[in-house]
Amino acid sequence: MTVAVGWVGIEIAQLLLGLVGLTTGDAGVVRATRVAMEIIGIELIAGIAWMTLLTGLLLSAATKWGLLKHYWIVTKLVITVALMLNGHFFLQHWLREQAEVGKAPESLSLQLVIVMSIGLGLLVTATALSIYKPWGKTRRGRRRPAAKSTRP
């Protein structure tokens with residue numbers, strides 16, 4: 001969970017940089033925020049996203065919770081994979097485009113801020129799911145273990 005909370009922190013930093021870039025009139029600050037967002041978004045988020053996925057898979061599989069036994073774990077897995085796919089296929093491209101001087105329109109900056117806000121909301125939701133563990137067990141989690149045979 002610590003790694004996932006680190007991802008939340010990185011997402012907050014990205015969102016703040018995006019907001020500064022959107023609201024300032026200083027071209028130098030805009031350029032600096034765009035370059036910083038590209039570096040953070042491409043170098044840090046990809047690594048921490050993979051670490052979040054791997055530690056989540058290992059911890060859920062190695063504990064009583066099980067990988068696919070509870071709806072909250074399945075939901076967290078879906079959120080993590082969706083955010084990773086979004087980052088890989090869309091966000092990295094947008095960050096690179098935005099960091100190029102003069103190539104990113106204001107609408108792209110606003111779009112990035114919106115996407116990062118949604119991503120942050122999903123990460124906070126995943127963190128809350130780990131704490132509260134809502135809902136019940138999946139069909140797989142409700143299955144009773146096979147009775148042990150008493151035959152020799």
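Where does Leu85 lie? Leu85 sits in helix 3, which covers residues 71-99; helices here are DSSP runs of H or I with at least four residues, and strands are E runs of at least two, numbered from the N terminus.

A note before the views: this is a predicted model, where local features need pLDDT of at least 70, side-chain atom pairs count only at pLDDT 80 or more, and totals for chains, interfaces and linings use all residues. Residues are numbered from 1 along each chain as its sequence is written, and side-chain values use heavy atoms, with hydrogens and water left out.

**View 1. Leu85 and a nonpolar surface patch.** Val81, Leu85, Phe89 and Phe90 make a nonpolar patch of about 380 Å² on the surface. Patch residues have over 30% relative accessible area and no salt bridge; nonpolar side chains (Val, Leu, Ile, Met, Phe, Trp, Tyr) are joined within 5 Å, like charges within 9 Å. A salt bridge puts a side-chain nitrogen of Lys or Arg within 4 Å of a carboxyl oxygen of Asp or Glu. Areas come from the Shrake-Rupley method with a 1.4 Å probe, and for residues only the protein chains shown count as cover. Leu85 counts as partly exposed because its relative accessibility is 45%; buried means under 20%, exposed over 50%, and partly exposed in between (1.4 Å probe, protein chains only).

**View 2. Val8 and its contacts.** Look for Val8 in helix 1 (residues 2-23). Val8 has a relative accessible area of 12%, so it is buried. Setting aside residues up to four places away in sequence, Val8 touches Leu120, Leu123, Val124 and Thr127; contact means heavy atoms within 4.5 Å.

**View 3. Leu122 and its contacts.** Leu122 belongs to helix 4 (residues 106-132). Not counting neighbours within four places in sequence, Leu122 is in contact with Ile79 and Leu83. Leu122 and Ala82 are 40 residues apart along the chain, and their C-alpha atoms are separated by 9.7 Å.

**View 4. Lys133 and Trp135 in a loop.** Lys133 is in the loop between helix 4 and helix 5, and Trp135 has its place in the loop between helix 4 and helix 5. Neither is a glycine, yet phi is positive: about 45° for Lys133 and about 65° for Trp135. Lys133 is partly exposed at 29% relative accessible area, while Trp135 is exposed at 56%.
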